[in-house]
Amino acid sequence: MGAMSAAGRRRSLAVAAIIVAGGFLGSRILGVLRTVAIAHAFGASPELDAYQVAFRIPDLIFQVLAGATLGSAFIPVFARTLRQEGEERAWVLASRAFNIVTAGTAVLCIVGWLLAPVLVPLFAPGLGEDVGRRDELVREAVSLTRLMLLSPLFFAMSGMVTGILNARERFLYPAIAPMLYNLAIIGGALFLAEPLGVRGLAIGVVSGAGLHLLVQLPGLWQERMRYRVSFAWADPAVREVARLMAPRVAGLAAAQVNVYFIATYFGSRVGAGAIASLNYAWTIATLPLAIFGMAISTAAFPRLAGLAADADMEALREATSRLLRLILFFTIPAAVGLAVLREQVVEVLLQRGAFTAADTRVTAAALGWYCLGIVPQAGVEIHSRAFYALGDTKTPVSLAVAALFLNLLLSAALWKPFGVSGLAFAVSAASWAEWGALYVLCARRLRSPAAAELAAIARMGVAAGGMGLLVAAAFGTSADAAEAFSDAFFGAAAGALAYGGLALLLRIDEARELLDRAAALLRSRGVT
């Protein structure tokens with residue numbers, strides 16, 4: 001019976017992972033289409049730089065407040081409250097957390113609106129200088145910032161709904177929500193860019209944030225959430241969420257500054273279009289990270305939190321190790337393949353309309369160095385969640401802050417001689433340092449079999465390296481757009497086949513397991 005229960009848990013996790021991965025995949029595909037639509041309408045223009053600068057401030061407000069609560073702080077406390085005190089008490093906690101996060105976000109939005117004229121020049125001191133349009137673009141960025149400050153308020157409410165539904169292991173509505181967000185921005189790029197310019201994108205952002213909330217509300221009704229208007233700070237469970245949230249706020253702020261604000265600050269000094277090129281490259285680089293690293297980690301986190309709440313350390317250790325190997329089995333070859341085919345991918349996706357061949361070269365250069373950081377960022381996704389499940393937010397947050405300072409030092413040293421390539425390399429190098437330290441500490445905390453785990457990861461690296469050499473030799477250069485599309489498509493297919501064959505040859509467990517499952521599925525369908 002225990003074996004059946006374990007098998008049932010694995011099937012449940014697999015279904016959840018498929019739903020979340022499907023949502024991430026759909027969202028990221030739409031995110032790529034969003035990037036394509038924006039590139040076609042605006043290229044890597046100074047106006048788009050102003051939009052990217054304006055986008056950062058509202059996004060930071062959401063990430064450091066609502067984003068901090070729904071994952072690392074809220075879900076473990078909600079899971080423990082549900083198990084130990086019952087459903088009624090858990091809904092009281094959910095209502096109070098929702099109300100407090102929404103109110104706190106509203107206050108921050110008002111402060112951000114008032115301080116926008118100060119914050120924009122601070123975050124992008126070189127905006128528009130090299131094209132002689134500094135005052136104009138700063139005014140535009142301030143106006144866009146104030147408009148988009150509506151979005152974090154919607155996202156604060158929506159983010160808490162996502163956290164509640166994920167804690168109940170309900171993933172469908174949260175998987176749909178980001179797709180609607182991206183569709184709204186695509187609509188802004190396609191239909192509002194010509195009459196309104198980049199303001200059309202900002203309207204799409206606000207509309208998408210509203211849809212992100214509305215589509216998830218039926219999930220609360222289906223879960224029969226009993227909402228209460230209460231802000232009881234004295235509630236021990238609310239205080240526990242706040243205690244876990246405090247260091248996570250610092251960690252998410254560090255992550256935002258690490259990836260976006262440092263690049264924006266120094267990118268504004270590189271020259272016009274540099275911020276846009278870095279954003280395009282980052283959007284493409286995070287596609288495999290989202291599909292594999294973030295999707296699997298998000299689906300698994302409520303289960304990890306449950307294991308920690310039950311004090312089943314052996315099961316938590318096994319689950320963390322298994323999830324890490326599964327994530328890296330897919331992420332390592334994806335990172336290598338994307339790095340090898342970076343110019344073809346950028347040309348196929350973006351080079352049309354206002355996006356020129358020169359923009360392709362700059363964006364592809366940044367993409368290649370961002371690919372270097374995909375693997376460690378995927379590792380951080382699962383190892384940080386293992387710490388969050390244990391109620392330890394300080395360890396991963398401390399390492400995220402340390403990575404921020406490393407990125408800042410590297411960016412300050414590299415932006416002038418190497419431009420966007422130096423800034424992308426700085427992010428990736430800091431990511432490797434962060435994951436390396438997090439890996440060691442997590443292995444010690446969970447007493448994981450690190451030697452066997454590292455050996456398995458090394459074999460994945462060898463298989464991905466062999467695949468990369470094959471793809472580079474056969475599809476490394478393209479003469480025109482048609483050849484770039486052909487090389488990207490067939491290069492990806494050939495790479496997948498080569499990696500699968502090498503993984504089986506090197507006896508990587510995940511390859512054999514996936515092959516066995518595929519064979520079993522075919523047999524169940526009557527295919528021999």
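Which residue lies over the face of Trp 113? In the predicted model analysed here, in which local features need pLDDT of at least 70, side-chain atom pairs count only at pLDDT 80 or more, and totals for chains, interfaces and linings use all residues, that residue is Arg 146, at 4.0 Å from the ring centre. The criterion for a charge over a ring is that NZ of Lys or CZ of Arg is within 6 Å of the ring centre and within 35 degrees of the ring normal. Residues are numbered from 1 along each chain as its sequence is written, and side-chain values use heavy atoms, with hydrogens and water left out.

Aromatic pairs were counted for rings of Phe, Tyr and Trp (its six-membered ring) with centres within 6.5 Å, planes under 30 degrees apart being termed stacked, over 60 edge-to-face and the rest tilted; the count comes to 17 aromatic pairs. One of them joins Tyr 280 and Phe 355 in an edge-to-face arrangement, with 5.4 Å from centre to centre and 80° between the planes. Because Tyr 280 belongs to helix H11 (residues 274-309) and Phe 355 to the loop between helix H13 (342-350) and helix H14 (357-371), this pair ties together parts that are 75 residues apart in sequence. Helices here are DSSP runs (H or I, at least four residues), numbered from the N terminus. Tyr 280 is buried at 1% relative accessibility, and Phe 355 is likewise buried, with a relative accessible area of 2%, where buried denotes under 20% relative accessible area and exposed over 50%, with partly exposed in between (1.4 Å probe, protein chains only). Ring pairs also link Phe 292, Phe 329, Phe 330 and Tyr 499 into a cluster.

Tyr 499 appears again in the packing of helix H17 against H18, where the contact (heavy atoms within 4.5 Å) includes Met 460, Met 467 and Phe 475 of H17 and Phe 490, Tyr 499 and Leu 502 of H18. Helix H17 (residues 450-475) and H18 pack at an angle of about 145° with their axes 9 Å apart, the axes being lines fitted to C-alpha atoms over the stretch in contact and the angles running from 0 to 180 degrees between N-to-C directions.

Most residues other than glycine have a negative phi. Arg 224, although not a glycine, has a positive phi of about 60°; this residue is found in the loop between helix H9 (217-222) and helix H10 (236-270) and is exposed at 63% relative accessibility. Arg 507 also has a positive phi of about 60°, lies in the loop between helix H18 (481-505) and helix H19 (509-524), and is exposed, with a relative accessible area of 71%.

Key: Helix = DSSP H or I, 4+ residues; strand = E, 2+ residues; numbered from the N terminus.
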